[in-house]
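Student: Could you take me through one part of this structure slowly? I would like to see how a single helix sits among its surroundings.

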Amino acid sequence: MAGCRSWVLFFTVCAVSLFGARAEIKFTIPVGKFFTHELMRETFQNDFEPLSKLYAGYLYDDPMIFKCNRQHYPDLPEWLRFTQRHPYDNGFLYGTPTSPGKSIIEIYAINKRNYETTRQILVIKIVAEKLLPYQAEFFIKLREIEKVLPSPVQDEIQQDLQKLWDTEALEILNMTNALDRGGRVPLPLAGHFEGVYVKVGSEQYFSDCLLRALTPEYQRQCSSGAKVKIPGGCNFCSIPSNCISWCKMELFDLTKQEPAPPAPTIGSGILEAAGDFIPPESPPSRDFFPDYLVTVIVPLILAIILCLLLAYIMYGRREGVEKRNARTNQIQLYHHHTIHGNTDELRNMSGSRGVSPPLSTLPMFNSRTGERASPPLQSDSPTIPLIMAQHDPYCDTLPRQ
């Protein structure tokens with residue numbers, strides 16, 4: 001008997017692991033009603049582990065992320081949203097459909113430990129249904145969207161709002177993250193939350209507490225920015241984190257909405273006869289010469305003026321070679337011409353090696369005879385060089401002692 005039970009357990013585990021997460025999940029929801037589907041990590045964990053480990057009773061708690069999209073499309077339908085805060089948290093698909101139809105959602109679970117992937121198909125059929133005539137939207141400041149989507153939390157919020165509305169025939173129509181409505185991202189500190197908008201509806205008219213919060217006197221207190229007191233006898237908040245913000249409450253009475261304008265009548269598509277076509281008269285002639293002057297002549301004149309100014313700066317203010325030499329020190333000018341002369345001599349010698357060595361490279365004595373060259377001119381004057389080149393034509397201009 002024990003062996004039979006073991007085999008039954010083994011085949012059950014096999015069936016769950018093979019078909020549990022891959023089977024299609026079907027939902028039928030009416031238009032205007034809130035839809036929530038929780039993606040349980042335990043359901044997808046069975047597909048990632050071998051049967052031997054499952055049969056042995058050992059299960060991993062792997063982090064995983066979910067990717068959801070409409071079949072054959074990159075994104076979800078516009079009415080459906082997905083949220084998952086952390087890989088160790090369950091994911092949630094939530095939203096309120098606005099029109100009948102059918103949506104096939106593909107859910108991919110990625111194991112962050114070994115990067116295995118599994119898929120699940122979610123088929124959502126949306127049927128038409130009449131909307132609730134009286135609706136109200138509340139803002140819960142101390143909540144986040146992942147914390148209000150589980151069914152027990154929704155029941156707690158619904159019970160508090162039923163007491164506020166004074167009716168049990170109350171349904172949750174939508175839940176929206178405050179960030180999706182233009183809210184600011186809170187600080188990553190304790191006591192700061194994103195906030196959640198909760199929309200409910202009922203067949204019964206609004207209670208006195210709801211109508212009292214919309215009086216002009218109460219609205220003036222909200223606009224002043226001061227701390228607003230809850231209307232007397234209307235505090236039905238059993239859990240502090242589920243308390244609503246009274247200044248952000250809105251009521252919608254669908255019975256008083258204006259009817260939609262009638263659709264435009266479709267004509268035959270043929271224009272009515274209105275006589276012969278009269279073409280418009282030719283426009284008056286226009287003189288473009290002033291525009292030509294402003295567009296072409298004026299920039300050309302400015303360019304010429306700039307060219308003349310640049311030419312004057314570059315050529316008109318040059319001092320000239322003679323004037324520059326007259327203002328230059330003679331000893332400096334002599335060294336300048338000596339360098340130029342030696343350069344020309346070396347350049348001429350580069351074409352032929354049979355010429356005599358230059359004077360600037362002669363030694364101080366003859367290496368063959370030992371005869372010493374004449375000593376240079378000794379002078380303590382700073383204006384006369386130590387070595388005088390007799391062949392230089394500019395040496396006559398130097399002063400002699």
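Tutor: Let's look closely at helix α5 and then move outwards from there.

A word on the source: this is a predicted model, in which local features need pLDDT of at least 70 and side-chain atom pairs count only at pLDDT 80 or more, while totals for chains, interfaces and linings use all residues. Residues are numbered from 1 along each chain as its sequence is written, and side-chain values use heavy atoms, with hydrogens and water left out.

Start with the helix itself, α5 (151–165). Helices here are DSSP runs of H or I with at least four residues, strands are runs of E with at least two, and both are numbered from the N terminus. The expected span of a helix is 1.5 Å times one less than its number of residues. The 15 residues of α5 should therefore span 21 Å, and its end C-alpha atoms are 20 Å apart, which agrees.

Which residues of α5 are buried? They are Val-153, Gln-154, Ile-157, Asp-160, Leu-161, Gln-162, Leu-164 and Trp-165. Buried means under 20% relative accessible area, exposed means over 50%, and partly exposed is in between (1.4 Å probe, protein chains only). The cover over these buried residues includes β2 (35–39), β8, α4, β9, β10 and α6.

Now widen the view to the largest nonpolar core, which has 32 residues. Such a core is a set of buried Ala, Val, Leu, Ile, Met, Phe, Trp, Tyr and Cys residues joined through side-chain atoms within 4.5 Å. Phe-138, Leu-161, Leu-164, Met-175 and Val-200 have the most contacts inside it. Among the elements that give two or more residues to this core are β8 (134–140), α4 (145–148), β9 (170–177) and β10 (196–202). The largest share, 5 residues, comes from α5.

Met-175 gives a good view of the surroundings. Leaving aside neighbours within four places in sequence, Met-175 is in contact (heavy atoms within 4.5 Å) with Phe-34, Tyr-94, Ile-145, Val-148, Leu-149, Gln-154, Ile-157, Tyr-197 and Val-198. Gln-154 and Ile-157 in that list are also among the buried residues of α5. Apart from this core lies another, of 18 residues, including Phe-48, Met-64, Leu-93 and Ile-107.

Next, look at the two ends of the helix. Pro-150 lies in the loop between α4 and α5. At 22% relative accessibility, Pro-150 counts as partly exposed. Pro-150 and His-37 are 113 residues apart in sequence, yet their C-alpha atoms are 9.0 Å apart in space.

At the other end, just after α5, Asp-166 takes a positive phi of about 65°, although Asp-166 is not a glycine. This residue lies in the loop between α5 and β9. Is Asp-166 buried or exposed? Asp-166 is exposed, because its relative accessible area is 60%.

For a contrast, go to Glu-144, in the loop between β8 and α4. Glu-144 is buried, with a relative accessible area of 17%. Not counting residues up to four places away in sequence, Glu-144 touches Arg-85, His-192, Phe-193, Glu-194 and Val-196.

One last stop takes us to His-72, in the loop between β3 (64–70) and β4 (80–83). His-72 also has a positive phi, near 70°, in a residue other than glycine. At 74% relative accessibility, His-72 counts as exposed.
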